[in-house]
Structures are given as C-alpha cells and as structure tokens.
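Subject: Structure handover and notes

Dear colleague,

I am passing on the structure we spoke about, so that you can look at it alongside my notes. Please open it first and then read on, since the notes are meant to be followed with the coordinates on screen.

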Amino acid sequence: MVTFYRRLPKMGYVKPGSLEEALELLEKNPNGRYRVYAGGTDVIPKLKGRVIQSPEILVDLKGVSDLDHIDFDEQKGLYIGALATVRSVETSPVIKERYPILSQAAGSIASIQVRNRGTITGNICNAVPSADSAPALLCLDARVLLYSKNGGERTVDITDFFKGPGLTVLQPNEILREINISASPENSRSVYIKLSPRSRMDLAVVGVGVLLTKTNGTFRNVRIGLGAVAPTPIRALKAEAMLEGSEVNDDLIINAARTASEESRPIDDHRASAEYRKMMVEVLVKRAIHQCL
Ligand SMILES: Cc1cc2nc3c(=O)[nH]c(=O)nc-3n(C[C@H](O)[C@H](O)[C@H](O)COP(=O)(O)OP(=O)(O)OC[C@H]3O[C@@H](n4cnc5c(N)ncnc54)[C@H](O)[C@@H]3O)c2cc1C
C-alpha cells in the first residue's frame with residue numbers, strides 16, 4: 001500500500017500553556033473544530049496523507065506543564081501523565097520493575113525517535129486495534145482519567161474506553177489527563193509479545209499480553225489482552241476464565257490458547273489474513289503463558 005504525503009492542510013494552531021486553557025478551547029468544539037495532539041506521530045502523518053479530516057485548529061498539548069509525570073505510590077498505584085512519552089514509559093525504573101509488560105509493550109513501538117516524541121496516551125486515544133500499549137493496559141486493568149472544563153472529571157476502565165477502529169468514549173470537549181494503574185498482584189508475571197512482518201517500525205499483526213500469578217500450582221489473576229485481532233483491543237475473557245483457579249497443566253494451556261483464538265475476530269488486510277492471525281493468537285497466547293510460568 002502506498003501512502004502519499006502532501007503538505008499539511010491549511011488550519012489554525014494553538015499551544016495552550018495550561019490544561020484549563022486547553023479545556024476552555026475544547027468547550028467551543030461542537031463539530032470537532034479543534035483537535036488536540038501530543039507527540040503528533042499519529043495525527044501529523046494522517047493529516048498529511050489526508051487520512052483524517054483536518055480540524056479548523058490543532059491544539060498542541062506539549063505546552064501544558066506538569067503533564068509528563070510518571071508517579072508511583074504503593075497505595076494509589078501508577079499515574080502516567082498525558083504527555084509522558086512512550087520512551088519515558090519504556091525506560092522508567094518503576095515501570096520496568098512493577099509493570100514489566102507495559103515497559104515491554106512501549107519498547108516495541110516504532111523506533112527510539114518516534115518513542116521519544118509519541119505518548120502512551122496518544123497511542124490509546126488513536127484507538128487503532130493494533131496499538132501496542134493497549135493489550136498491556138488491558139492486562140493491568142488500567143483506568144483513564146478524562147477531564148473537561150470547570151472541573152468535569154470522569155474515570156473510565158480501559159475495557160470500556162475503546163469503541164471501534166479510531167473510536168473511543170472521549171467526547172470532543174474532553175482531554176485524557178492521566179492513566180492510572182493499581183499495584184500489580186504480588187508475584188505476578190507478565191509479558192507482551194508482538195508479531196509483525198518486519199521486526200521494527202511496523203504495526204503488530206498480532207499483539208498478545210498475558211499477566212498471571214501461579215499460587216500453589218494454580219493460575220490466579222489471569223489476564224489475556226489481544227491487539228490487532230478485533231475492531232478494538234480486547235480481553236480474551238473465556239480463556240481467562242478457563243485458567244483462573246485451575247491447576248497448571250499443559251492440556252489446559254493448549255485449550256485456553258485455542259479458546260483465545262476463537263474469541264478473536266480478525267480481518268484480512270495487506271499485513272496478514274484473518275486465518276493466519278487466528279493461528280498466531282493460539283501460538284502466542286500459549287507461548288506467553290509459558291513465558292510467565
Ligand atoms: C513511523 C511510525 C511507526 C509507528 N509504529 C508504531 C508501532 O509499532 N506501534 C504502535 O502502536 N504505534 C505506532 N505508531 C503510531 C504512533 O507513533 C503511536 O501511536 C504514538 O504512541 C502516538 O502518540 P502521539 O503522542 O504522537 O499521538 P498524537 O499523534 O499526538 O495523537 C494521536 C491521537 O490521540 C489524540 N490525543 C492525543 N493526546 C490526547 C489527550 N491527552 N487527550 C485526548 N486525545 C488525545 C489525538 O487527537 C489523536 O487522535 C507509529 C507511528 C509512526 C509515524
């Protein structure tokens with residue numbers, strides 16, 4: 001597939017200095033007149049390729065101070081600000097230690113140059129089914145904090161955030177301010193495996209995240225997140241239920257991996273056929289569970 005890049009379409013540009021200023025602008029945003037962006041690594045190529053409609057005004061969030069934080073607290077868990085770059089999430093010592101699946105997923109995105117610019121928030125707000133951070137955030141039961149003018153605030157579970165390809169529950173007047181993740185269950189193991197035709201700089205054909213704990217020979221706290229195999233990133237809930245509380249054994253793992261594959265609803269596209277994707281879900285879920293054990 002060839003993408004032709006042209007100049008950016010004509011539009012206005014503002015760079016608010018505070019979240020309040022940005023939210024004030026978005027309040028006058030009836031028909032998507034304003035579009036916020038952070039790193040621009042999704043939005044700018046799409047605008048140049050005329051893949052998305054150009055807004056009247058682009059709102060550059062990079063001028064907003066105090067939004068690039070990565071804070072951890074034993075009780076409240078992890079908070080990732082909207083402007084924290086993919087690279088800072090990948091390399092954060094606390095994320096590497098406490099949430100290795102997220103560090104791995106971040107490290108699998110694009111190149112270091114793109115990761116230095118792009119944000120984890122942009123990765124999920126973009127809402128492509130293949131977003132690499134999504135299976136990890138699903139496994140970690142993340143929540144997103146959405147803000148609007150005059151103190152408007154709501155928290156949405158990541159499982160409810162994605163609505164379809166390119167669609168989320170975000171309203172035109174809202175900004176995703178933070179991602180929050182509770183402390184992981186004790187002794188949990190987790191892994192993200194990305195399959196893409198080229199080893200680097202390509203989107204996932206299949207992305208699989210698994211998080212679990214093994215307690216007295218049984219599976220506990222099982223989470224399986226899948227990317228690029230449904231209209232949105234999904235949890236393989238039936239496969240999780242098969243494993244949860246059951247004794248660890250090979251036949252069960254094989255059956256659960258097959259069930260996860262059956263739960264996937266991939267499409268054929270230029271990257272891979274639906275059939276191949278389904279087969280690879282089975283292979284990778286099995287591999288990811290074994291790696292966690
Ligand atoms: C060469 C290249 C390779 C890539 N490879 C990968 C890859 O391997 N895996 C992958 O998953 N992605 C990949 N991407 C896509 C992209 O880099 C990532 O999705 C990145 O994390 C996007 O972050 P950003 O801050 O640049 O998003 P932006 O482009 O700034 O924004 C993306 C979307 O999120 C919205 N948005 C951003 N911030 C907010 C906010 N705080 N509140 C509300 N809405 C917001 C914007 O309106 C826009 O719709 C690649 C991109 C390029 C150019």
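Which domains does the domain assignment of the chain give? Please keep in mind throughout that this is a predicted model. The assignment gives domain 1 as residues 12–63, domain 2 as 70–181 and domain 3 as 190–292.

**Domains 2 and 3**

The C-alpha centres of domain 2 and domain 3 are 20 Å apart, and the contact between these two domains involves 22 residues of domain 2 and 23 residues of domain 3. On the domain 2 side that touches domain 3, at least two residues each come from α5 (100–107), α8 (133–139) and β8 (162–164), and of the elements on that side it is α8 that gives the most, with five residues. Sorted by class, the side of domain 2 that touches domain 3 holds 14 nonpolar, six polar and two charged residues.

**The five-stranded sheet and helix α1**

One open sheet has five strands, in the order β4-β5-β10-β6-β7, with antiparallel pairing. The edges are taken by β4 (70–73) and β7 (152–157), and because each has a single partner strand, one side of each is left without a neighbour in the sheet. From one strand to the next, the twist averages 20 degrees. Four bridges pair β4 with β5 (residues 77–81) in the antiparallel sense, and within this pairing Ile70 has Ile80 in β5 as its bridge partner.

Helix α1 packs on this sheet, where it touches β6 and β10, and the direction of α1 makes about 125 degrees with that of β10. Which residues of helix α1 are buried? In α1 (residues 19–27), these are Ala22, Leu23 and Leu26; they cover an arc of only 95 degrees around the axis, and therefore lie on the same side of α1. The cover over the buried residues of α1 includes β2 (34–37), β3 (57–60), β6 (143–148) and β10 (175–181).

**The four-stranded sheet**

A second heading in my notes concerns an open sheet of four strands, ordered β11-β12-β13-β14 and paired in the antiparallel sense. Its edge strands are β11 (189–195) and β14 (234–235), each of which pairs on one side only. Strand β12 (residues 206–215) and strand β13 (residues 218–227) run antiparallel and are joined by eight bridges, and Val210 stands opposite Ile224 in β13. Helix α5, which also supplies at least two residues of the side of domain 2 that touches domain 3, packs on this sheet and touches β11 and β12, its direction making about 15 degrees with that of β11.

**Two backbone angles to look at**

As general background, most residues other than glycine have a negative phi. Against that, Asn187 has a positive phi of about 60 degrees although it is not a glycine. Asn187 lies in the loop between β10 and β11, and with 11 other C-beta atoms within 10 Å, where exposed means 12 or fewer, Asn187 is exposed. Asn216, again not a glycine, has a positive phi of about 45 degrees. The place of Asn216 is the loop between β12 and β13, and Asn216 counts as exposed with 7 C-beta neighbours inside 10 Å.

With best regards

Terms used
Residues numbered from 1 in each chain as written. Predicted model: local features only at pLDDT ≥ 70, side-chain atom pairs only at ≥ 80, totals over all residues. Domains from an automatic or database assignment. Contact = placed C-beta atoms within 7 Å. Nonpolar A, V, L, I, M, F, W, Y, C, P; charged D, E, K, R; others polar. Pairing = 2+ DSSP bridges. Axes fitted to C-alpha atoms, helices over the stretch in contact; angles between N-to-C directions. Buried ≥ 20, exposed ≤ 12 C-beta atoms within 10 Å, placed from the backbone. Arc of directions from axis to C-beta.
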